[in-house]
Amino acid sequence: MQDFIQEKEIFLALQRNQNLSKEKIRAIINKSKKLKGLSFWEVAALLNCHDKKLIRLMFKTANEVKEEIYGRRLVLFAPLYLSNKCSNNCSYCGFRIQNKGLKRKQLATQEIKKEVEALVKEGHKRVLLVAGEHKDSGIAYIDKAVKAVYSIKIGGGQIRRVNVNVAPLSVKNFKRLKKTGIGTYQLFQETYHHATYKAVHPSGRKSDYLWRLFAMDRAQQAGIDDVGLGVLFGLYDYRFEVLALMQHSKHLEGRFGVGPHTISIPRIEPALNAPLANKPPHPLSEEDFKKVVAIIRMAVPYTGIILSTRERASLRDQLFGVGVSQISAGSKTFPGGYATKKNSFQEAEQFQVGDSRTIAETIRDASKAGFYPSFCTACYRVGRTGKDFMDLAKPGEIKKFCLPNCILTYKEYLLDYGTKELKTLGEGVISEELGKITDKKIRLATIKKLGELKKGKRDLYF
Ligand code: SAM
Ligand code: SF4
């Protein structure tokens, strides 16, 4: 277990790649259009760029790159908080053990099912299971939880993909997790900067940097080939963190032949009795945040970028246009939030949500802005995961599937959950997007499937 986060290399790259000429920066941005990604020093140079005009060019190019690979679709999901019990003491999180003001709650199987029913009735098809690290929420509990989620069916509605964000497991337990039929395993390193990591994780299992850093290796060894990385922005210099993400991606690609399936980009939000959450040591401004998203999109073009409801609505709407490809919507960050329909519950939640729009409102606003919701879960169900997925994504081939699957799942949503306003808006989008399917055979097959959906069939995909 050789630590692959090379701090010296990161600082050196940041130091050496300052003040590049506008021509050089422009050339790097243009290079990203080839969809081959960017080198370590090129990413450093872009991170060091503060020229407003060039940053605007980064936004525009990142959007083009995303469109080239995935089209204008945004995949939607909701986090499902299973438990806020935690034995760690992360100084930014409301669930930390030393927060004595938090009402602890772990959902029982029946309560998980109630949450899922509420989500399915809203039209959700994907959830992300989230839990604190605690002896009561080990693999046996997570195993039961995944099964409970998949067991709920209401009419044609059901959760079709369960992703998981829980504490790192051993290879043996990751194998058990894989067997439950999860999609992506996500875990954020929070900060890759060793000294900061140590300071903000003073006790508990999570204080072991390397145990966390190698979690994705263990997941891959266990056969989970879709893994999601992330950084909690605000803990340390964002430029360092983005370069460390590049080192992590490179390590995975080198060892397993496949980089991260997704990268999450949470920023620290206020949380109850969490000293760092209310005053992050390295706050990331909105403008720099947008730049970070654009650079990640250009640097690892085939990777899904996940944006949560931590951010306020209007900022989210802007970020959709600089490379984000997956979003949560209508989220609650405490166990039991969906069934109780409470908007917020400070004494039990992990952090405050910035975008409190319902899923229907989020879809309406995104559609008006020209982004199309997708509830697609096709890839992992037909085995297009890990390297197989990347082999299609890298040359831009995945769009062939993404666009028709986006159309079909949007149509299904409109039929089952759409308001009158959204139906009018959505039907317009669908007929316009149908015209963009260049392969005639696939276009005709999509039209046929749309007819079957109208007649009551569900869950159709390519
Ligand atoms: N407990 C597990 C862990 O720490 O990896 C998994 C779930 S944890 C609830 C999910 C993520 O929430 C953490 O990885 C962290 O990045 C994020 N988080 C914690 N406190 C936060 C805060 N105040 N604002 C925004 N995100 C936060
Ligand atoms: Fe626990 Fe995760 Fe929160 Fe840390 S971030 S206190 S491990 S729930």
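Which helix does Ser-151 lie in? The answer is helix H6, which covers residues 139-151. Helices here are DSSP runs of H or I with at least four residues, strands are runs of E with at least two, and both are numbered from the N terminus. The structure is a predicted model, so local features need pLDDT of at least 70 and side-chain atom pairs count only at pLDDT 80 or more, while totals for chains, interfaces and linings use all residues. Residues are numbered from 1 along each chain as its sequence is written, and side-chain values use heavy atoms, with hydrogens and water left out.

On to the chain as a whole. There are 21 helices and eleven strands in it. The radius of gyration, taken over C-alpha atoms, is 21 Å, which agrees with the value near 23 Å for a compact globule of 462 residues; that rule is 2.2 Å times the number of residues to the power 0.38. Along the principal axes, the C-alpha atoms fill a box of roughly 60 × 55 × 40 Å.

How much of the chain is tucked away? Of the 462 residues, 59% count as buried, where buried means under 20% relative accessible area, exposed over 50%, and partly exposed in between (1.4 Å probe, protein chains only). About 18400 Å² is exposed, and carbon and sulfur atoms supply 52% of that area, as worked out by the Shrake-Rupley method with a 1.4 Å probe. Contacts, meaning heavy atoms within 4.5 Å, often span the sequence: among those with a separation of 6 or more, 74% come from residues 24 or more positions apart.

Thr-262 gives a close-up of the buried part. This residue is found in strand S8, residues 262-264, and counts as buried at 2% relative accessibility. Leaving aside residues up to four places away in sequence, Thr-262 touches Thr-184, Val-227, Gly-228, Leu-229, Thr-303, Gly-304, Ile-306 and Gln-326.

Back in helix H6, Ser-151 counts as partly exposed because its relative accessibility is 39%. Ser-151 and Lys-113 sit 38 residues apart in sequence, and 8.1 Å separates their C-alpha atoms in space.

Then there are the cysteines. Cys-49 is buried at 6% relative accessible area, and Cys-90 is buried as well, at 7%. A disulfide is a covalent bond between the sulfur atoms of two cysteines. With a disulfide taken as a pair of cysteine sulfur atoms within 2.5 Å, the count comes to zero.

Methods: Chains are lettered from A and ligands numbered from 1 in the order in which they are written.
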